[in-house]
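User: I am new to reading protein models and would like to learn how to go through one feature at a time. Could you guide me as I ask?

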Amino acid sequence: MVDVGRLMRNGKMLILAYDQGFEHGPTDFNEENVDPDFILDIARKSGVYTGIVFQEGIAEKYYAGETDLPPLILKLNGKTSFHKGEEPVSLQLCSVDRAAELGATAVGYTIYVGSEHEEEMMKEFSRICDEAHKKGLISIVWMYPRGKHVEGKETSRDVVAYAARLALELGADVAKMPYTGDPESFGWVVKNAGKTLVVVQGGLKKDEETLLGEVGGFMKAGAVGMAVGRNVWQDADAVGISKKIAEVVYGV
Ligand code: FBP
């Protein structure tokens, strides 16, 4: 078993995600946060993150060689936002070997559970997981219900719990899941994940009270933490909001 503790502090995990330029394009960015160095500075100045997510290019050009940053989680697959209305599929772009060369502690991969293409992604992730474990790397799966078979049910208790169970069955060390909206239903999601640790995705920028309320809710339900992007680096005080999220994640 790989040591997941390398991505944790006091048994909790707080991950800063910055692959949205790939997934969504520049629409998420402003003059400041379009610059990957701005994100590295949030990680440095806040000091609260236990991992940071990049695709290969940014990892190579901005992260590699730096010594004062959280452990690297290299995202191995990705898709663009040009295919709206189609069944979602995201395939491998970067190898586990390359991730290891770039100094990654973990590899990340998205599976769209419920998509017509889920089988392709499950197969790829299953192989990646084995490869990562052989090299001592942690495997993190972004488990996102999406596609025509789960339309309208992307955050429903039973569908998200099913996705969590698949993460366990596939061998993921950590599963990044959408929040179902209340601690009771999310408790069932966490139970289904078994020994696979659950972190929750951030999503669109929300007001502080809603965000921190949600974080409190899923931590109470047994999540080990959060992987957050836009709610931090789109905030006017990115370091400040990072610290507030951390207080809830590490404090609960
Ligand atoms: P956010 O906190 O910004 O939602 O980031 C989490 C994340 O999983 C990113 O890693 C990824 O780029 C993005 O969400 C995907 O969002 P979606 O599939 O909902 O468009």
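User: How do the residues of the lining of the second largest pocket divide into nonpolar, polar and charged?

Analyst: Please keep in mind that this is a predicted model. To read a lining, one sorts its residues by the kind of side chain they carry, and here the lining of the second largest pocket divides into 6 nonpolar, 3 polar and 2 charged residues. Among the residues that line this pocket are Met1, Val2, Val4, His133 and Leu168, and the space inside the second largest pocket comes to about 190 Å³.

User: What volume does the largest pocket have, and which residues are the closest to its centre?

Analyst: The largest pocket has a volume of about 1000 Å³, and, of the 42 residues that line it, those closest to its centre are His24, Lys79, Tyr112, Tyr144 and Arg146. Sorting this lining in the usual way gives 14 nonpolar, 13 polar and 15 charged residues.

User: Which element gives the largest share of the lining of the largest pocket?

Analyst: That element is β7, with 3 residues. At least two residues each are supplied by α1 (20-23), β6 (106-113), β7 (138-145), β9 (197-201) and β10 (225-228).

User: In what order do the strands close into a barrel?

Analyst: To read a barrel, one follows the pairing from strand to strand until the path closes, and in this model 8 strands do so in the order β1-β2-β3-β6-β7-β8-β9-β10, with parallel pairing. From one strand to the next, the twist averages 25°. As a single step along this path, β7 is joined by 3 bridges to strand β8 (residues 174-177), and the two run parallel; within this pair, Trp142 stands opposite Lys176 in β8.

User: Which strands does helix α6 touch?

Analyst: Helix α6, made of residues 157-170, packs on the sheet and touches β6, β7 and β8, and its direction makes about 155° with that of β7. Helix α8 (residues 208-220), in turn, lies across β9 and β10 and runs at about 140° to β10.

User: How many salt bridges are there, and where do Arg165 and Glu169 lie?

Analyst: A salt bridge is read from the distance between a side-chain nitrogen of Lys or Arg and a carboxyl oxygen of Asp or Glu, which must be within 4 Å, and by this rule the count comes to 16. Arg165 and Glu169 form one, with 3.8 Å from N to O. Both residues lie in helix α6, 4 residues apart, about one turn of the helix.

Note on methods:
Residues are numbered from 1 along each chain as its sequence is written. This is a predicted model: local features need pLDDT of at least 70, side-chain atom pairs count only at pLDDT 80 or more; totals for chains, interfaces and linings use all residues. Side-chain values use heavy atoms; hydrogens and water are left out. On a 1 Å grid over the protein atoms alone, a cavity is a set of points where a 1.4 Å probe fits but cannot get out, and a pocket is an open set with protein on both sides within 12 Å along at least five of seven lines; lining residues have an atom within 4 Å of a point. Grid points are joined across faces, edges and corners, and a volume is the space filled by probe spheres set on the points. Ala, Val, Leu, Ile, Met, Phe, Trp, Tyr, Cys and Pro count as nonpolar, Asp, Glu, Lys and Arg as charged, and the others, Gly among them, as polar. Two strands pair if DSSP finds at least two bridges between them. Axes are lines fitted to C-alpha atoms, for helices over the stretch in contact, and angles run from 0 to 180 degrees between N-to-C directions. Contact means heavy atoms within 4.5 Å.
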